[in-house]
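Here is a short tour for anyone who likes to think in contacts and angles. Have the coordinates open and follow along.

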Amino acid sequence: MAGPADESLVTDELRRQFEHFATTSSPRAPLYAALSTVIARDHDLYALLRHAPPTQRLPVLLFACVHELVIEHPDHPLANWYPNLTATPRSPTDRELTTTFTSFVALHHERLVQLLSTRTTQTNEVGRCGSFLPALGLIGDEVGAIGLLDVGTSGGLNLLLDRYEYRYRGPDGAERSVGAPSTVAITVDVTGEVPVPAAIPTIAARCGIDQRPIDVTDDGEARWLEACVWPDQADRFHRLVAAIEIARANPPEILAGDAVASLGPAIERIGTQAHPVVTNSWVLNYLTPEQRIAYLAELERIGAARDLSWVYAEAPAHIPELPNEPDPKSAYRTVLSMVRWRDGKRLVDHLATVHPHGFWMHWR
């Protein structure tokens, strides 16, 4: 059992995490940066993360749990600081933020502890579809109808890629649009000769894999997906809400299971009437090196038996097992790559560097 000294080390580390987060999140999330400073100065606040599993003791989990409660209680004064929940948010520098936040946490302490002990952070960023689409267009031009298989799919929103509208905007401001008008519109700032497809390729089958799938038809689970989006990024939040509504009308099939063990069965569900295309984005860094090696081996096994394509957006610096980007300058960026198995032979194309959430793309 851990003694008092061990507990002190744990809480000191939690305090340091919030101090660090206050600095690193400031440009993109001024609200969370301000709250991180508040939390780092209050032992009772940062020590709340001790209720989370050790692998989840991160500031983003506490913020997501509080965010879920604010979404549930939008009439509480704390909601006035959340840019995604009010048209005229109060400034994070307002002194009243500290007392409002601490009183909200005290009011919902029991529920917050329950959330911290059971939740894991989830990201289902539909903006990444804008990164995948040009690669899928190239594959569709080659093979025709595709069967989309998304690994680490969360709520399966990226499986609905063909239900969204896309705008690719060049440095001169000129836009190329793809897809029918949709409540989910994804804009990508691009440089280079991006092969924007004339139309979204035909998706004849689709299936997802996730260890802990989110059921978007369940209000509580859908709300958790929303809560994991940082409130300062209101555009992402509202786009996610719209994508969830689209998914609720026709939920995609998702297999609950391990990325390696479920890959073969998911490919079988795709069938032979469509060319299988596996996608994953910022997923492999959550696997152990052994799991990543097994995942690549399973793709190789399937690719030796039938034609297969794999499109991934991952950071090579975190995934040395990948058929990696040869340019060390791009190692810490998110690299979009396309791997194709044709007649048992593997071809690798590193296509672009992209924003982790799909906001921009630098094509080769």
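## The capped start of helix 8

Asp218 caps the N-terminal end of helix 8, with one of its side-chain oxygens 2.9 Å from the backbone nitrogen of Gly220. Keep in mind that this is a predicted model.

Helix 8 covers residues 219-227, and its buried residues are Gly220, Ala222, Trp224, Leu225, Glu226 and Ala227. What do they pack against? The buried residues of helix 8 meet helix 4 (59-72) and helix 9 (234-249).

## Helix 4 meets helix 6

Helix 4 has another contact to look at, with helix 6 (residues 109-118): the two axes come within 10 Å and cross at roughly 130°. Angles over 145 degrees would count as roughly antiparallel and 65 to 115 as roughly perpendicular, and helix 4 and helix 6 are therefore oblique to each other. Their crossing is right-handed.

On the helix 4 side, the contact is made by Leu61, Leu62, Cys65, Val66, Glu68, Leu69 and Glu72. Helix 6 contributes Arg111, Leu112, Leu115 and Leu116. As a reminder, an α-helix has 3.6 residues a turn, so residues three or four places apart point the same way.

## Glu125 in its loop

Between helix 6 and helix 7 (129-143) runs a loop that holds Glu125. Is this residue buried or exposed? Buried means under 20% relative accessible area; Glu125 has 4%, so it is buried.

Its side chain has polar partners. The side chain of Glu125 reaches the backbone nitrogen of Gly127 at 2.8 Å, and a polar contact of 2.7 Å joins it to the side chain of Arg239. Setting aside neighbours within four places in sequence, Glu125 is in contact with Asn158, Arg236, Arg239 and His357.

## The eleven-stranded sheet

Now for the sheet: it is open, has eleven strands with mixed pairing, and runs in the order 3-2-4-11-10-9-8-7-1-5-6. Strand 3 (175-178) and strand 6 (254-256) stand at the edges, and each has a single partner strand, so one side of each is left without a neighbour in the sheet. From one strand to the next, the twist averages 25°.

At the strand 6 edge, the pairing with strand 5 (residues 203-210) is parallel and spans three bridges. One bridge links Ile209 to its partner Leu255 in strand 6. Helix 10 (residues 263-270) packs on the sheet and touches strand 1 (146-151), strand 5, strand 6, strand 7 (275-281) and strand 8 (308-314). The direction of helix 10 makes about 160° with that of strand 5.

Notes. Residues numbered from 1 in each chain as written. Predicted model: local features only at pLDDT ≥ 70, side-chain atom pairs only at ≥ 80, totals over all residues. Heavy atoms only, no water. Pairing = 2+ DSSP bridges. Helix = DSSP H or I, 4+ residues; strand = E, 2+ residues; numbered from the N terminus. Axes fitted to C-alpha atoms, helices over the stretch in contact; angles between N-to-C directions. Contact = heavy atoms within 4.5 Å. Buried < 20%, exposed > 50% of the residue type's maximum accessible area, 1.4 Å probe, protein only. Polar contact = N/O pair within 3.5 Å; in protein donor to acceptor, adjacent residues only side chain to side chain. Parallel < 35°, antiparallel > 145°, perpendicular 65-115°, else oblique. Left-handed = near helix turned anticlockwise from the far one by under 90°.
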